[in-house]
Amino acid sequence: MKRVAALSIILVLIMSAAVLAEDFERTVDITVNVEPWAKFSIEDSHELNIIDGSGTGIVEIKGAVETNFPWLARITTTRVAEDPAINNWFWYECYIGGTKMFGGNPGAGVTFKRKQGLNDIAISLAVRPRDKNTFWYDLAAGQYKTSLTITVEAQTN
């Protein structure tokens with residue numbers, strides 16, 4: 001009888017151990033969601049003063065865009081003047097990540113695909129005669145304004 005009781009206890013312990021081992025095995029799924037994020041820095045507005053009668057000058061603006069997603073760089077510019085003879089004196093060039101994205105007179109715009117990561121920005125606005133038959137005095141004295149807007153938009157496939 002003692003043997004049967006001992007065997008019963010051993011059998012119960014073995015069965016309990018099997019049940020306990022099964023109860024302690026679990027699979028846990030973990031999901032990590034990383035939201036799209038962008039950091040965009042660019043220098044403040046600039047002013048160019050042409051005071052020497054040359055009719056030429058250049059202003060440069062630097063910045064950077066950092067993203068953890070592929071994106072569209074949407075660039076738009078506003079015209080300096082409706083008169084093409086005036087607007088043609090001004091020329092934008094915009095580089096993002098070392099690649100020329102835009103070059104042209106104010107009033108145009110473009111869209112380019114960009115990769116995630118760090119993308120340096122270099123923008124210049126040059127004032128210069130449009131051809132050899134245009135002289136410094138053809139650009140009337142006054143104040144001219146234009147804006148360049150860069151929009152960071154998530155790229156969808």
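This is a short talk about the largest pocket, the salt bridges and one buried arginine in a predicted model.

Hi everyone, and thanks for coming. Please keep in mind throughout that we are looking at a predicted model.

Let's start with the pocket. The largest pocket holds about 1000 Å³ of space. Its lining is made up of 35 residues, and those closest to the centre are His46, Glu47, Leu48, Leu125 and Tyr144. If you sort the lining by character, you get 20 nonpolar, 11 polar and 4 charged residues.

Which strands each supply at least two residues of that lining? They are S1 (38-42), S2 (57-67), S4 (90-96), S7 (117-127) and S8 (148-154). Strand S7 gives the largest share, with 4 residues.

Now for the salt bridges. How many does a search of the whole structure find? The search turns up 3.

Let me take Glu153 and Arg74 to begin with. Their side chains meet in a salt bridge, at 2.8 Å from N to O. Glu153 sits in strand S8 and Arg74 in strand S3 (residues 71-77), so this pair ties together parts that are 79 residues apart in sequence. Glu153 is partly exposed, at 31% relative accessibility, and Arg74 is partly exposed too, at 29%.

Next, please find Glu82 and Arg79. Here the salt bridge is 3.8 Å, again N to O. Glu82 counts as exposed, because its relative accessibility is 64% and the exposed class begins over 50%. Arg79, with 34%, counts as partly exposed.

There is also a salt bridge between the side chains of Glu93 and Lys100, at 3.6 Å from N to O. Glu93 has a relative accessible area of 22%, which makes it partly exposed. Lys100 is partly exposed as well, at 41%.

I'd like to finish with Arg114. You will find Arg114 in strand S6, which covers residues 109-114. Is Arg114 buried or exposed? Arg114 is buried, and yet it has no salt bridge. The nearest side chain of opposite charge belongs to Asp120, and that is 9.7 Å away. A salt bridge needs the two atoms within 4 Å, so Asp120 does not qualify as a partner at that distance. What does join the side chains of Arg114 and Asn119? The answer is a polar contact of 3.0 Å.

That's my tour, and thank you for listening!

Note on methods:
Residues numbered from 1 in each chain as written. Predicted model: local features only at pLDDT ≥ 70, side-chain atom pairs only at ≥ 80, totals over all residues. Heavy atoms only, no water. 1 Å grid on protein atoms, 1.4 Å probe; cavity = no way out; pocket = protein on both sides within 12 Å on 5 of 7 lines; lining within 4 Å. Points joined across faces, edges and corners; volume = space filled by probe spheres on them. Nonpolar A, V, L, I, M, F, W, Y, C, P; charged D, E, K, R; others polar. Buried < 20%, exposed > 50% of the residue type's maximum accessible area, 1.4 Å probe, protein only. Lys, Arg positive; Asp, Glu negative; His and termini not counted. Polar contact = N/O pair within 3.5 Å; in protein donor to acceptor, adjacent residues only side chain to side chain.
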